[in-house]
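The questions below ask what lies behind some of the labels used for this model. Each reply sets a value beside its cut-off and then draws a conclusion.

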Amino acid sequence: MDSIKNKVVWITGASSGIGEALAFEFAKEGAKLILSARRIDELQRVKTSLNLTEENCLVLPLDLANTSRIDELTNKVIAKFGRIDMLVNNGGFSQRSLVKDTSIDIDRKIMEVNFFGTVALTKSVLPFLLQQKSGNIIVISSISGKFGFYFRSAYSASKHALHGFFESLRMEIYNDNIKVLIVCPGKIHTNISVNAITSDGGKHNKMDESTEQGTSAGECAKQIIKAIKTDNEEIFIGGNELRAVWIKRFFPKLFSRLIRKQKQE
Ligand SMILES: NC(=O)c1ccc[n+]([C@@H]2O[C@H](COP(=O)([O-])OP(=O)(O)OC[C@H]3O[C@@H](n4cnc5c(N)ncnc54)[C@H](OP(=O)(O)O)[C@@H]3O)[C@@H](O)[C@H]2O)c1
């Protein structure tokens, strides 16, 4: 892809962290943006900071846990912009609870947002991409989509599930000129651990040390834009933590020993 200028880009989870940084980078490239998440005041704040005109930006509140209204939202985007060029499935949340303490209801809540919400929105947008015979679907997975870790059983499961779904979709729509990019961030400095769900359904409310020391959201967004422009299918973003992915692939037993010794947070 040569240019993102004038492309209509729908970003979920645009109210903070990686989604907000992506909104900034896409705006810099001259894209027209649809900003979605639950917190409308935060979305308005992001919109104001981007300096986009009313014509080029739509704030569209969306709760990925409630997919019943999703087609209605997609129709609003089409009514305003006439098309959708890129869907950035970024909205989601993490977990900090042991399996033995976590009810199935919490597991379902995580899957509902991170997996089913993302799938429902993608299915709602897909007919328009197919009709256009062009488009990009970007999915923000995680290195937790490549291996499990302490306190993240359902979160990791939800991210693994995204890989199965979107790798299949990528094959099915290849001949329709629709690209699927799966992004696997490692540690990115956002509020992900603060907003993570605990066993009682509350917020973890703690900034993990490794997250605090992670790659900036701005750098993460820049690498995602570069990957879209170079037609990448899967990318990893982060620092030393990414080594775990390659160790698991080539030395699974060594990986198992090493990963158990990592700080549990
Ligand atoms: N930071 C990392 O280290 C890291 C690493 C790997 C992957 N990721 C992934 O990156 C994505 C963005 O996370 P982040 O790091 O930027 O954390 P963040 O700052 O907590 O942002 C999460 C975003 O998702 C939105 N969101 C949460 N639940 C939602 C729901 N039910 N419906 C709609 N939107 C919802 C939030 O907005 P509202 O609260 O306003 O709804 C927020 O905009 C997530 O998918 C996360 O799994 C992050």
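**Reasons behind the labels**

In this predicted model, Trp246, Phe250, Phe251, Leu254 and Leu258 make up a nonpolar surface patch whose accessible area together is about 490 Å². Helix H8 (243-250) and helix H9 (252-260) are the elements that each give two or more residues to the nonpolar patch.

Q: Why is Phe250 called exposed?
A: Phe250, which is found in helix H8, has a relative accessibility of 56%, and the label exposed applies over 50%; Phe250 therefore counts as exposed.

Q: What makes Ser94 a buried residue?
A: Ser94 is found in the loop between strand E4 (86-89) and helix H4 (104-132). Its relative accessible area is 2%, and buried means under 20%, so Ser94 is classed as buried. As for its surroundings, the C-alpha atoms of Ser94 and Lys203 are separated by 9.8 Å, while the two residues are 109 residues apart along the chain.

Q: Why is strand E2 described as largely enclosed by the rest of the structure?
A: Strand E2 covers residues 32-36, and four of its five residues are buried, so the rest of the structure largely encloses this strand.

Q: How do you know that E2 pairs with strand E1 and with strand E3?
A: Pairing requires at least two bridges between two strands. Strand E1 (residues 8-12) and E2 are joined in the parallel sense over five bridges, and E2 is joined to strand E3 (residues 57-59), also in parallel, by three bridges, so the requirement is met for E1 with E2 and for E2 with E3. Among the individual partners, Thr12 is bridged to Ser36 in E2, and Leu33 stands opposite Cys57 in E3.

Q: Which elements make the β-α-β unit that begins with E1, and which helix does the chain pass through from E2 to E3?
A: E1, helix H1 (residues 17-28) and E2 make a right-handed β-α-β unit. From E2 the chain crosses through helix H2 (residues 40-50) to E3, and this β-α-β crossover is right-handed.

Q: Why are the buried residues of H2 said to line one face of the helix?
A: Leu43, Val46, Lys47 and Leu50 are the residues concerned, each of them buried in H2. Viewed down the axis of H2, the buried residues fall within an arc of 100 degrees, so they line one face of the helix. An α-helix has 3.6 residues a turn, which means that residues three or four places apart point the same way. Asp41 and Thr48, on the other side of H2, are exposed.

How values were computed
Residues numbered from 1 in each chain as written. Predicted model: local features only at pLDDT ≥ 70, side-chain atom pairs only at ≥ 80, totals over all residues. Heavy atoms only, no water. Patch = residues over 30% accessible without salt bridge, like charges linked within 9 Å, V, L, I, M, F, W, Y side chains within 5 Å. Areas by Shrake-Rupley, 256 points an atom, 1.4 Å probe, with all protein chains shown as cover. Salt bridge = Lys/Arg side-chain N within 4 Å of Asp/Glu carboxyl O. Buried < 20%, exposed > 50% of the residue type's maximum accessible area, 1.4 Å probe, protein only. Right-handed = clockwise from strand over helix to strand, strands pointing away. Arc of directions from axis to C-beta.
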